[in-house]
Amino acid sequence: MNKITVIGLGNYGLDELPYGIYQMLTAGQKVYVRTLKHPVIEELPDVEWESFDAVYEKHEQFPAVYQEIVDTLLKEAEENEVLYAVPGHPMVAESTTQLLLQSDAPIEVKGGKSFIDDLFTAAGADPNDGFQLLDATAFDARHLNIRNALVVTQVYNQIVASDLKITLLDHYPAEHPVKVITAARNHDSEVKEVPLFELDHDFSESNLTSLYIDPVTGTGLYGELTELNSVMATLISPDGCPWDQKQTHQSLRRYLIEESFELIEAIDADDIDHMIEELGDILLQVVFHAALARRDELFDIREVIEAVTDKMIRRHPHVFGDAVVNNLDDLNQVWEQEKKNEGKEKRDIKVEKQFADLFMALYEKVKEGVSLEEALQEVKYETR
């Protein structure tokens with residue numbers, strides 16, 4: 001396999017292209033290029049360019065485009081050395097470079113100025129304050145940390161902007177400012193600031209458009225579990241609340257029952273606002289117990305979340321694994337088998353289920369207008 005050299009064309013014209021890259025481009029060798037839409041290419045018409053623009057028309061998804069480009073380059077490298085040029089810097093927001101580096105071919109990466117410096121200059125922000133760099137065409141909200149600035153690349157048309165907006169609205173306030181930056185530092189550069197909910201309004205198509213989104217602060221963080229965890233840690237700290245400081249796992253037990261009762265009432269009343277409030281109160285109990293445990297160096301909220309996530313994946317092999325479930329009987333067998341694999345013995349009498357049955361029976365009678373004393377007597381008679 002011959003060497004594949006990946007070079008960066010930078011973001012502008014020949015005046016900012018490193019001389020060494022210029023020499024490679026003009027040495028007479030065919031140059032494969034991901035796209036012809038670049039000022040350097042326009043200024044060097046005599047170079048034998050072979051572009052992959054047509055590949056973009058063949059596929060609906062970008063991963064397939066990038067894979068075909070890489071497959072073509074690798075096949076060519078079986079016979080000849082390959083020179084492949086990409087916009088910007090080959091190691092910044094360039095998926096084809098990463099795919100090439102994962103291959104067995106010898107790869108050399110050279111030069112090309114990244115757009116990052118100019119983007120932060122256009123945004124008036126310092127990257128040293130922390131930021132994330134994500135690709136709009138492969139956006140995964142699980143990677144988001146809204147406490148850091150966010151740069152999103154390849155927001156090249158209104159459809160991409162609309163899809164991205166819908167995802168971001170699950171994590172950012174609707175009015176949160178977004179800077180839409182097109183062709184940073186080029187002669188036609190544009191920086192437009194809009195509230196997030198207007199991101200896709202009057203959106204111009206360009207393959208040079210990125211977003212800069214400021215970190216979320218203040219009340220905008222109230223929807224983050226980590227913020228609630230931090231609030232609870234403060235409340236039980238020496239500088240916190242005297243009542244919270246003295247609580248223990250034992251003293252908090254009853255509140256799980258109280259808050260669960262209030263949630264059941266909210267569910268029966270079909271009161272959405274009340275459900276939100278009461279689910280929050282139940283979540284508070286989980287965070288409270290985890291905060292106490294962390295203070296005592298026993299466990300923390302991360303271990304709680306990790307344990308339940310692992311359990312849900314492990315107990316659903318028909319969803320996350322290869323198990324086949326055709327009906328509810330199959331599902332029950334899978335569930336019981338996974339519990340058995342965990343070392344849990346099947347019990348004939350489950351006190352927690354009996355307690356729940358008793359509680360719900362009392363609740364239903366009280367809801368019908370029966371006094372608690374009478375309900376206790378009726379339930380006692382029915383359960384003999």
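**Figure 1. Arg-34, a buried residue at 12% relative accessibility, is joined to Glu-94 in a salt bridge.** In this predicted model, local features need pLDDT of at least 70 and side-chain atom pairs count only at pLDDT 80 or more, whereas totals for chains, interfaces and linings use all residues. Residues are numbered from 1 along each chain as its sequence is written, and side-chain values use heavy atoms, with hydrogens and water left out. The closest N and O atoms of Glu-94 and Arg-34 are 3.0 Å apart, in keeping with the criterion for a salt bridge (a side-chain nitrogen of Lys or Arg within 4 Å of a carboxyl oxygen of Asp or Glu). This contact links distant parts of the chain, 60 residues apart, with Glu-94 in the loop between β4 (82-86) and α5 and Arg-34 in the loop between β2 (31-33) and α2 (39-43); helices (H or I, at least four residues) and strands (E, at least two) are DSSP runs, numbered from the N terminus. Glu-94 is likewise buried, at 4% relative accessibility, where buried means under 20% relative accessible area, exposed over 50%, and partly exposed in between (1.4 Å probe, protein chains only).

**Figure 2. Further salt bridges join Lys-110 to Glu-108 and Asp-118 to Lys-113.** Between Lys-110 and Glu-108 the closest N and O atoms are 3.3 Å apart, and the two residues are both partly exposed, Lys-110 with a relative accessible area of 30% and Glu-108 at 26%. The side chains of Asp-118 and Lys-113 meet at 3.7 Å, N to O; here Asp-118 is buried, with a relative accessible area of 7%, whereas Lys-113 is partly exposed at 28%.

**Figure 3. Asp-310, Arg-314, Arg-315 and Glu-342 are linked in a network of salt bridges.** Across the whole structure, the search finds 18 salt bridges.

**Figure 4. The rings of Tyr-56 and Phe-62 form an edge-to-face pair.** The search of the whole structure finds 12 aromatic pairs, defined as rings of Phe, Tyr and Trp (its six-membered ring) whose centres lie within 6.5 Å, with planes under 30 degrees apart counted as stacked, over 60 as edge-to-face and the rest as tilted. For Tyr-56 and Phe-62 the separation is 6.1 Å centre to centre, with 70° between the planes. Tyr-56 is partly exposed at 22% relative accessibility, while Phe-62 is buried, with a relative accessible area of 16%. Ring pairs also link these two residues with Tyr-66 and Tyr-156 into a cluster.

**Figure 5. Phe-120 and Tyr-212 form an edge-to-face aromatic pair.** The ring centres of Phe-120 and Tyr-212 lie 5.7 Å apart and their planes stand at 75°, so the pair is classed as edge-to-face. Distant parts of the chain are linked by this pair, since Phe-120 belongs to helix α6 (residues 116-123) and Tyr-212 to strand β10 (residues 209-213), 92 residues apart. Phe-120 is buried at 4% relative accessibility, and Tyr-212 is buried at 4% as well.

**Figure 6. The largest cavity holds about 30 Å³ of space.** A cavity is a set of points, on a 1 Å grid over the protein atoms alone, where a 1.4 Å probe fits but cannot get out, and lining residues have an atom within 4 Å of a point. The volume is the space filled by probe spheres set on the points, which are joined across faces, edges and corners. The search of the whole structure finds 1 cavity of 30 Å³ or more. The lining of the largest cavity consists of Leu-9, Gly-10, Asn-11, Tyr-12, Gly-13, Glu-16, Leu-17 and Lys-113; Lys-113 also takes part in the salt bridge with Asp-118.

Definitions and conventions
On a 1 Å grid over the protein atoms alone, a cavity is a set of points where a 1.4 Å probe fits but cannot get out, and a pocket is an open set with protein on both sides within 12 Å along at least five of seven lines; lining residues have an atom within 4 Å of a point.
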